[in-house]
Amino acid sequence: MNLRSMGGTVALASLAVSSPGGAQEIINLPEEDRHLAWGFEVLYRVGSVSGDDWEQFGNVRRVGFDADGKLYIFDNRADRIHVVAPDGTYLRSFGRTGEGPGEFQRPDGLAVMRDGRLVVADRRHRAYHIFAADGEFERMVRMAPEPGDLRITDLLPDPGGEAVFTAVGAPMLSASMGTSGARTTPHTSRPVERLMLTGDVVTKDTVADGWLPAGEAPTSIPVDGKTNYRVPAPDVFGPRMLPGVLPDGSVAFSDSSAYAIKIARPGAGVWRILTRTLHPIPVTDRIIDAEKNRLLQELEEREESGGGSRSRVDGVLIARDS
């Protein structure tokens, strides 16, 4: 793992802004591309197959920085979190597998707050572990009880420090089967949600509703007196929800149905839209064949590495265990 600093120049473009009568602010970005020239400098390197025990990573699942520039590395194969100083010096490690509070069962997802506190999602505990900046376990906050399968996407830290953001439709980290009868919780949109961590159980607040791609609406299927929901598999080239948190606590997310980036505030909804004229490229047979070959190659590489793997080729999910 390399950490690089980035330097270079950015060509600024003029913007056309429209905000009639206090409505949503519309910013029209120029159609032409602006090329960026980047320069990279290696600040330090961590990770080695022959180094110290802490840096022989099993699976670097997520990383994050606090306001002081310390790097937090989450290895979910070892159930450990490692902390590195801004100059690359190893500071400490914490976390372990176990049944108790602060001990991991199926951890996935990491949010690093500005002050160095950490939030880790745990599927089997169905809770979020909160650790202090020094690695000491503070408390556990239970996930909100909801029907259907549990799906975990990236946890994005709220600059206020008392919440994290998630987005339905964002690339999924992991999932586990629900126990209440419904196999999948249905959605009619792709909400961006803020999860408040101040109580014993998470409370949710919908910041904004993103788009739901055509054909993705779930259908209900009664099975043995219970309702199960079948969600169509996403298209390989289908649009994804890509969220990000801004320094003021607003959330930016992609709306691929409108070729726009929307910015929302908790309690206020979408207040700014960045849009640009784009010309979509049609998906040809050549592109489809290239993607199938890429997925097959990825599947072979994972098998050679000695781990289980799964891939979707021509609409079929292929999963194999070594």
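User: At what relative accessibility does R276 count as partly exposed?
Analyst: The structure is a predicted model, in which local features need pLDDT of at least 70, side-chain atom pairs count only at pLDDT 80 or more, and totals for chains, interfaces and linings use all residues. Residues are numbered from 1 along each chain as its sequence is written, while side-chain values use heavy atoms and leave out hydrogens and water. A residue is called buried under 20% relative accessible area, exposed over 50% and partly exposed in between, with a 1.4 Å probe and protein chains only. R276 counts as partly exposed because its relative accessibility is 26%.

User: How many residues apart in sequence are the parts that R276 and D33 tie together?
Analyst: A salt bridge requires a side-chain nitrogen of Lys or Arg within 4 Å of a carboxyl oxygen of Asp or Glu, and the side chains of R276 and D33 form one at 2.5 Å, N to O. R276 belongs to strand β24, whereas D33 belongs to the loop between β3 (25-29) and β4; strands here are DSSP runs of E with at least two residues, helices are runs of H or I with at least four, and both are numbered from the N terminus. The pair therefore ties together parts whose separation in sequence is 243 residues.

User: Which strand holds K204, the salt-bridge partner of E193?
Analyst: E193 is buried, because its relative accessible area is 11%, whereas K204 is partly exposed at 39%. Their side chains meet in a salt bridge of 3.5 Å, N to O. E193 lies in strand β17, so the pair ties together parts that are eleven residues apart in sequence, with K204 in strand β18 (residues 203-210).

User: Which strands each supply at least two residues of the largest nonpolar core?
Analyst: A nonpolar core is a set of buried Ala, Val, Leu, Ile, Met, Phe, Trp, Tyr and Cys residues joined through side-chain atoms within 4.5 Å. The largest one has 16 residues, and V119, Y128, L155, V164 and L197 touch the most other members. At least two residues of this core come from each of the strands β10 (118-122), β11 (127-131) and β13 (150-153).

User: Why is the pair of W54 and Y90 called stacked, and at what angle are the planes of the rings?
Analyst: A pair of aromatic rings is described by the distance of the centres and the angle of the planes. Rings of Phe, Tyr and Trp (its six-membered ring) pair if their centres lie within 6.5 Å, and planes under 30 degrees apart count as stacked, those over 60 as edge-to-face and the rest as tilted. The count by this rule is six aromatic pairs. In the pair of W54 and Y90 the ring centres are 4.5 Å apart, and the pair is stacked because the planes are at 20°.

User: How much accessible area does the nonpolar patch of I281, V283, I287 and I288 have together?
Analyst: Patches are made of residues with over 30% relative accessible area and no salt bridge, joining like charges within 9 Å and nonpolar side chains (Val, Leu, Ile, Met, Phe, Trp, Tyr) within 5 Å. One of the members, I281, sits in the loop between β24 (269-276) and α1 (285-304), and I281 counts as exposed because its relative accessibility is 70%. Areas come from the Shrake-Rupley method with a 1.4 Å probe, and for residues only the protein chains shown count as cover. Together, the four residues of this surface patch have an accessible area of about 340 Å².
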